[in-house]
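Here are a few exercises to work through with the model open on your screen. Try each task first, then read the solution.

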Amino acid sequence: MIRWRYTPRAGATWKAWVLVGLLLMVGAAAAGNAVTFVVETTEIQAIEEHQGAMWIQLAPSSAARLEEVTAKSHGGELVVVVDGLQIMSARVNVTIRSGVIRADGVSSDVRQRLIDGSPRLN
C-alpha cells in the first residue's frame, strides 16, 4: 500500500498530488491489461528490415493465434516475446489479420538473434 504524505511547498498544491496519484493508478491499470503473445523463431516465415524497423511475417498457425489474441485485446497492451525475448509492446487498436508484426527499436543483439534463427525475404 502506498501512503502519501502531503508537505506544503512553494508552488505545490494538493491538486498536483491528486494528479500524480491518478497517473500512478492509470499506469498500474494499463499494465494489468497486457497480453503476452509468445512465438518461437520456428514460427516465423520471414523477417525484413526497413528504415530501422523489423517486419516479422508469422507462419499461418501463429498468424491465426495473433489474430485471435488481438481481436480479444482491443484497447489493451500486446507484448510480443520471441524465444523468450521481448521484442515489442504496443497498444492494440485493431485486429491483426495479416500475420505481420512491426517491431521498432529492437536492440542489436536481439535483432541478430532473430535474423540468425529465421529466414529473410529477398
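**Exercise 1. Work out what share of the protein is buried, then lay out its helices and strands.**

Step one: of the 122 residues in the protein, 30% are buried, where buried means under 20% relative accessible area, exposed over 50% and partly exposed in between, using a 1.4 Å probe and protein chains only. Keep in mind that this is a predicted model, where local features need pLDDT of at least 70, side-chain atom pairs count only at pLDDT 80 or more, and totals for chains, interfaces and linings use all residues. Residues are numbered from 1 along each chain as its sequence is written, and side-chain values use heavy atoms, with hydrogens and water left out.

Step two: there are three helices and six strands, taken as DSSP runs numbered from the N terminus (helices are H or I, at least four residues; strands are E, at least two). Walk along the sequence and you get α-β-β-β-α-β-β-β-α.

**Exercise 2. Find the strand order in the sheet that contains β1, and say what packs on it.**

Step one: the order is β1-β4-β5, an open sheet with mixed pairing. Two strands pair if DSSP finds at least two bridges between them. The edges are β1 (35-39) and β5, each pairing on one side only.

Step two: look at the pair β1 and β4, which is parallel with five bridges. Here V38 sits opposite V81 in β4.

Step three: α2 packs on this sheet and touches β1 and β4, with its direction at about 180 degrees to that of β1. Contact means heavy atoms within 4.5 Å; axes are lines fitted to C-alpha atoms, for helices over the stretch in contact, and angles run from 0 to 180 degrees between N-to-C directions.

**Exercise 3. Do the same for the sheet that contains β3, and explain why β2 and β6 each have a free side.**

Step one: this open sheet runs β2-β3-β6, with antiparallel pairing. β2 and β6 are at the edges with a single partner strand each, so one side of each has no neighbour in the sheet.

Step two: count the bridges. Six of them join β2 to β3 (residues 53-58), while five join β3 to β6.

Step three: follow M54, which stands opposite E49 and has A103 in β6 as its bridge partner. I56 faces I101 in β6.

Step four: add the helices. α2 packs on this sheet too, touching β2, β3 and β6, at about 105 degrees to β3. Helix α3 (residues 108-117) lies across β2 and β3, at about 135 degrees to β2.

**Exercise 4. Place E40 and decide how exposed it is.**

Step one: E40 is in the loop between β1 and β2 (44-50). Step two: its relative accessible area is 38%, which makes E40 partly exposed. Step three: leaving out residues up to four places away in sequence, E40 touches V82 and D83.

**Exercise 5. Describe the lining of the largest pocket.**

Step one: 15 residues line this pocket, and L78, M88, A90, I96 and R102 lie nearest its centre. Step two: α2 (60-72), β4 (77-82), β5 (85-91) and β6 (100-104) are the elements giving two or more residues to the lining.

A pocket here, on a 1 Å grid over the protein atoms alone, is an open set of points where a 1.4 Å probe fits, with protein on both sides within 12 Å along at least five of seven lines; lining residues have an atom within 4 Å of a point.
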